[in-house]
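Work through the following exercises with the coordinates open beside you, and attempt each task before reading its solution.

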Amino acid sequence: MLALAAGATTLSAWPGAQPRAAPLTRRIPSSGEVLPVIGLGSWITFNVGNDRAARADCVEVVRAFFAAGGRVIDSSPMYGSSQPTIGHALAQLGHPSALFSAEKVWIGDPARGPAQIEASREFWGVPRFDLMQVHNLLAWQQHLPLLFEMKAAGRLRYVGISTSEGRRHAEIETVMRTQPIDFVQITYNLLDRQVEQRLLPLAQERGIAVIVNRPFREGALLDALANHPLPGWAAEIGCTVWAQVALKFVVTHPAVTCAIPATSQVAHLRENMAAAHGPMPDAALRARMARDVAALSR
């Protein structure tokens, strides 16, 4: 019932740590570039304004993220001060070369799209974004041509779309079928599994990378499970906390490229990153995981 995570043995980034296997990775279908399956989201957790202590905490989260082999950091103009918080952390850390920057354009007036993208780039302090997504499909018909032009000009590496909380699946499917996008970002977790029916198989068929948001239902899933002991099968796949169960379920779907859990705590970040290591559930165990968690969450 288990599948072993692939990855060569490498030295851990923590001083004094023993060598460990590299994290599980997936390839971006349109390019073959490899990404670790656990990324870092910034919704709510990095919206800390000018609170110095909170910003310092975020710096340490980002530091631990890169130390654990992370690459993908995702944000959006709608996430309050998350963008400048990320930019501050990257500057403090000397702009790590491993970064895969994933941003979004989110504005109803397409004419203001370029200015918003440039403002986001300045907040991050990066020369260009790796991935730009049309957030929640807002004015996608107008924004996508701009993003494709930017990609062709070398001012952007990948183009995508995003949605959250199970919204706009029919429209997402239309875009996936008709536009040459590289990425789609959708909600998927142990309880929200609608995308298994059409969107995830379509991503495999069309060669579109998948970023998963809300793997913990913004914490509600973990809260619902907090008072339940881990099932026996959790130990079989190396899980010591429910967050790892939730993440291993998500990232072992064959269509998923990367999940982006958000946190403001280094301890939780390290727990999340550990989900990319060790034995992984196969299809049969994934089905059991979903059944058991659904029963516990009633």
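## Exercise 1: a strand and one of its residues

Strand 9 is mostly covered, since six of its seven residues are buried, where buried means under 20% relative accessible area, exposed over 50% and partly exposed in between (1.4 Å probe, protein chains only). The model is predicted, so local features need pLDDT of at least 70 and side-chain atom pairs count only at pLDDT 80 or more, while totals for chains, interfaces and linings use all residues. Residues are numbered from 1 along each chain as its sequence is written, and side-chain values use heavy atoms, with hydrogens and water left out.

Task: determine whether G160 is buried or exposed, and list what G160 touches.

Solution. Begin by locating G160, which belongs to strand 9 (residues 156-162); strands (E, at least two residues) and helices (H or I, at least four) are DSSP runs numbered from the N terminus. Next, take the relative accessible area, which is 0% for G160, so this residue is buried. Then collect the contacts (heavy atoms within 4.5 Å): leaving aside residues up to four places away in sequence, G160 touches L131, M132, Q133, V134, L144, I181 and F183. Finally, compare sequence with space: G160 and V184 are 24 residues apart in sequence, and their C-alpha atoms lie 5.4 Å apart.

## Exercise 2: the sheet

Task: establish the strand order of the open sheet, and state which strands stand at its edges.

Solution. First, read the order, which is 6-7-8-9-10-11-12 for an open sheet of seven strands with parallel pairing. Strand 6 (72-74) and strand 12 (258-259) each have a single partner strand, so each is an edge strand with one side left without a neighbour in the sheet.

Second, check individual pairs, for which DSSP must find at least two bridges between the strands. Strand 7 (residues 100-105) pairs with strand 8 in the parallel sense over four bridges, and E103 has M132 of strand 8 as its bridge partner. Strand 8 is also parallel to strand 9, over five bridges, with V134 matched to I161 in strand 9. Strand 11 (residues 209-213) and strand 12 pair in the parallel sense over two bridges, and V212 stands opposite A259 in strand 12.

Third, consider burial in strand 8 (residues 129-134), which is mostly covered, with six of its six residues buried.

## Exercise 3: helix 1 and its two neighbours

Task: classify how helix 1 crosses helix 2 and how helix 1 crosses helix 10.

Solution. Start with helix 1 (residues 52-67) and helix 2 (residues 82-92), whose axes come within 9 Å and cross at roughly 60°. That angle makes helix 1 oblique to helix 2, given that angles under 35 degrees count as roughly parallel, over 145 as roughly antiparallel, 65 to 115 as roughly perpendicular and the rest as oblique. The contact is made by R55, C58, V59, V62 and F66 of helix 1 together with P84, T85, H88, A89, L90 and Q92 of helix 2.

Now turn to helix 10 (residues 266-274), whose axis comes within 9 Å of that of helix 1, the two crossing at roughly 25°. Helix 1 and helix 10 are therefore roughly parallel to each other. On the helix 1 side, E60, V61, A64 and F65 meet V266, L269, R270 and M273 of helix 10.

How values were computed
Axes are lines fitted to C-alpha atoms, for helices over the stretch in contact, and angles run from 0 to 180 degrees between N-to-C directions.
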